[in-house]
Amino acid sequence: MPDGSAVTDGSAVPEGSVVPAHRDGNVLRWVAAYTASMVGDTVFFLALSWAAVQHGSPAEAGVVTAVSAVPRALLMLGGGVVADRFGPRRVVIGSDAVRCVTVLAVAAVLFAADPGLWLLALLAVVFGTVDAVFMPAVGALPARITAKDQLARVQGMRGLAVRFAAVVGAPLGGLGVAVGGSAAAFTLAGVLIAVSVPLLVSVRMRELPNDGGTTARDGTAWRDLRAGLGYIRRHRVLAPLMVAIALGDLGFVGPLNVGLTLLAEERGWGASGMGWTLAGFGTGAGIAALLLTVRGRVPHAGLVVAGAIVPGAAAIGALAHVPALAGAVGIAVLVGLLTGLSGAVCGALLQTQAEPAYLGRVTAVAGIVSLGIAPLSMPVSAAAIGVWGTGPVFAVSAVVCGLGGLVALCAPHLRRAELPA
């Protein structure tokens, strides 16, 4: 069907009767699966950190916890090709199953023996490698489980799932460690990931038109990768959108992850003050996700991206000059609200602007920008704060972030981009 309402089990949604995503059982099953998987991820990384600290020095533990990011960053573009060639549903189910089996196997070994850091490092590498395939496939799924005009709402629901995982996952992981050590926490992570697999199997997929893209088995994987990168580079909305995302994340990640810790120490807020400020970020982002879930569509989406990034950047710069903790928490709520809104709308634009055949590769490039490039700002921010202090570094971060909004304003096709009505 031209409106993409056909589904792979032979049934179809009659035209004009599309159920809103937040009341669609098919979408809710996907959100439940995604939430369970994300909570499992949070528990997994807490268990990995704890086990690494117990088995090695702080430096060795840092290497173990960071090593999963290497294959994820290096292989994610290839993961996007895999998702497009074999279909995101199959790839998500397969990769989730591999993650589950791997974590449970390590938990069993830890219950029976004390193998040391090498097993934890191997687990981190395997997990990061599978994540490189899993994440692009997850990003390519929303367009296949609901209509285009519901994708903004789905992005809001996905944001709520991420916030829920962040709030619930850490206490669950801590409980697992307290009850049975790292082995119990890994077991809990594996069980949570296992819960997502049957839910994913039950999700029905819509058959999307190819829209002129490459088919699943045309040419080699390398040719598909080059075709995907070329497609993004030539696209009048996706190309500037990727630049805007990159600049926004570069300006945001450093202050949030490193600068905030140093700012709390400088102001005398302590760990609790840093925690309250981080909670402010999370609250603002959660409000943005909830608003998008309820509203379902944001008019003038391209302008909203720019209109949220620019004041959000100004708020980041102001955060370093607020003496009182209460003021910092309030600004953090505003930053979380604006960046959460811009991030969700960017995700919806990626979903609706990209041709179905390229969704995996488009998601992979966006993931590389956010998870591969943006984290590089953390050590740079820390070193710069040591030399110039928090104020100038937060100001530079705000300028970099604001440039992302200016890119969105100056790119006419992105500025005029709309989400489907």
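Here are some exercises on a predicted model, each with a worked solution.

**Exercise 1. Getting to know serine 196**

Find out where serine 196 sits, whether it is buried or exposed, and what its side chain meets.

*Solution.*
- Step 1: Start with the helix. Serine 196 belongs to α7, which covers residues 151–202.
- Step 2: Now check the surface. The relative accessible area of serine 196 is 0%. Buried means under 20%, so serine 196 is buried.
- Step 3: Look for side-chain partners. Serine 196 and aspartate 96 have side chains joined by a polar contact of 2.4 Å.
- Step 4: Don't forget the backbone. A polar atom of the serine 196 side chain is 2.5 Å from the backbone oxygen of isoleucine 193.
- Step 5: Finally, skip the neighbours within four places in sequence and list the contacts of serine 196: Ala33, Ala36, Ser37 and Asp96. Asp96 turns up here and in the polar contact too.

**Exercise 2. Following the charges around arginine 99**

Which salt bridges does arginine 99 make with aspartate 41 and aspartate 96, and where do the partners lie?

*Solution.*
- Step 1: Take aspartate 41. Its side chain forms a salt bridge with that of arginine 99, at 2.9 Å from N to O. Aspartate 41 is in helix α1 (residues 25–55) and arginine 99 in helix α4 (residues 88–112), so this pair links distant parts of the chain, 58 residues apart.
- Step 2: Take aspartate 96. The side chain of aspartate 96 also meets that of arginine 99 in a salt bridge, this time at 3.0 Å, N to O. These two are 3 residues apart in helix α4, so about one helical turn separates them.
- Step 3: Put the pieces together. Salt bridges with shared partners connect Asp41, Arg72, Asp96, Arg99 and Asp131 in one network.
- Step 4: Check the surface. Aspartate 41 has a relative accessible area of 10%, so it is buried. Arginine 99 is at 1%, so it is buried as well. Aspartate 96 is also buried.

**Exercise 3. A bridge across the sequence**

Work out how many residues apart in sequence aspartate 84 and arginine 361 are, and whether each is buried or exposed.

*Solution.*
- Step 1: Confirm the link. The side chains of aspartate 84 and arginine 361 make a salt bridge of 2.7 Å, N to O.
- Step 2: Place each end. Aspartate 84 is in helix α3 (residues 69–86) and arginine 361 in helix α13 (residues 359–373), so the salt bridge ties together parts 277 residues apart in sequence.
- Step 3: Check the surface. Aspartate 84 has 16% relative accessibility, so it counts as buried. Arginine 361 has 4%, so it counts as buried too.
- Step 4: Step back to the total. The count of salt bridges comes to 7.

**Exercise 4. Hunting for disulfides**

How many disulfides does the whole structure have, and what is the nearest cysteine sulfur to cysteine 410?

*Solution.*
- Step 1: Search everything. The whole structure has 0 disulfides.
- Step 2: Try cysteine 410. The nearest cysteine sulfur belongs to cysteine 401 and is 15 Å away, and cysteine 410 is in no disulfide. The cut-off for a disulfide is sulfur atoms within 2.5 Å.
- Step 3: Look at the surroundings. Cysteine 410 has a relative accessible area of 63%, so it is exposed. Cysteine 100, at 9%, counts as buried.

**Exercise 5. A nonpolar patch on the surface**

Which residues make the nonpolar surface patch, and which helix gives the most to it?

*Solution.*
- Step 1: Name the members. Leu303, Val310, Val399, Leu403, Leu406 and Leu409 make a nonpolar surface patch of about 460 Å².
- Step 2: Find the helices. At least two residues of the patch come from each of α11 (301–319) and α15 (390–410).
- Step 3: Pick the main contributor. With 4 residues, α15 gives the most.
- Step 4: Zoom in on one member. Leucine 303 is in helix α11 and has 41% relative accessibility, so it counts as partly exposed.

**Exercise 6. Far in sequence, but how far in space?**

How far apart in space are the C-alpha atoms of phenylalanine 186 and leucine 46, and what does phenylalanine 186 touch?

*Solution.*
- Step 1: Compare the two distances. The pair is 140 residues apart in sequence, and 9.1 Å apart in space from C-alpha to C-alpha.
- Step 2: Place the residue. Phenylalanine 186 lies in helix α7, and at 0% relative accessibility it counts as buried.
- Step 3: List what it touches. Leaving out residues up to four places away in sequence, the contacts of phenylalanine 186 include Phe44, Ala47, Leu48, Val103 and Leu120.

Definitions and conventions: Residues numbered from 1 in each chain as written. Predicted model: local features only at pLDDT ≥ 70, side-chain atom pairs only at ≥ 80, totals over all residues. Heavy atoms only, no water. Buried < 20%, exposed > 50% of the residue type's maximum accessible area, 1.4 Å probe, protein only. Polar contact = N/O pair within 3.5 Å; in protein donor to acceptor, adjacent residues only side chain to side chain. Contact = heavy atoms within 4.5 Å. Patch = residues over 30% accessible without salt bridge, like charges linked within 9 Å, V, L, I, M, F, W, Y side chains within 5 Å. Areas by Shrake-Rupley, 256 points an atom, 1.4 Å probe, with all protein chains shown as cover. Salt bridge = Lys/Arg side-chain N within 4 Å of Asp/Glu carboxyl O.
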